[in-house]
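Please open the model in the viewer and display the side chains. The tour proceeds by selecting a few residues at a time.

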Amino acid sequence: MQQAKQLVHGTCVAFGARAALLRGSSGSGKSDLALRFLALPSDGGMAPRLIADDQVIVETQAGRLVVSAPDTLAGKIEVRGLGIMTLPHVAQAQLVLIVDLVASDEVPRMPPEPLPRITVLGVSVPNLQLAPFEDSAPLKLKMALISAVS
């Protein structure tokens, strides 16, 4: 299978080797949700980690999607009010979930099962809608990452 690659706008976080791409317009809460997700405790030897903020490289490897940060952005995240900060990060992880950030009233109470899927570079990935500023959003993101079927 031929390797494909693209640069996308978004923020990407990982829990263990599984990553979620957070999508939304500028100011929608991508970096804020990522920062709160990164503050969650480690669990079962896995820790929440940053992959990339603002720009994410998505590429196919052996029929799976792998995400990483452009070299100039590795480990950096924009923290509104503080500027660009450097945090622990991982170089890459498998993309298993795409999360669209929406207003609370746009999040379905019970999402369809299975989740809708989005095709990126020929690979289908589950798509979830989350309200980023809810107190429970970081925990919901962790639970979705753990249970995502890639």
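Is Glu 134 buried, partly exposed or exposed? Glu 134 counts as partly exposed, at 24% relative accessibility; buried means under 20% relative accessible area, exposed over 50%, and partly exposed in between, with a 1.4 Å probe and protein chains only. The model is predicted: local features need pLDDT of at least 70 and side-chain atom pairs pLDDT 80 or more, while totals for chains, interfaces and linings use all residues. Residues are numbered from 1 along each chain as its sequence is written, and side-chain values use heavy atoms, leaving out hydrogens and water.

Add Lys 140 to the selection. Its side chain forms a salt bridge with Glu 134, with the closest N and O atoms 2.7 Å apart; the term denotes a side-chain nitrogen of Lys or Arg within 4 Å of a carboxyl oxygen of Asp or Glu. The whole structure holds 4 salt bridges.

Next, select Arg 36 and Asp 32, whose side chains meet in a salt bridge (2.9 Å, N to O). Both belong to helix H1 (residues 30–38), where they are separated by about one helical turn because they are 4 residues apart. Helices are DSSP runs of H or I with at least four residues, strands are runs of E with at least two, and numbering starts from the N terminus.

Keep Asp 32 and select Val 79 in strand S7 (residues 76–79). These two residues are 47 apart in sequence, yet 7.2 Å apart in space, C-alpha to C-alpha. Val 79 is buried, at 12% relative accessibility.
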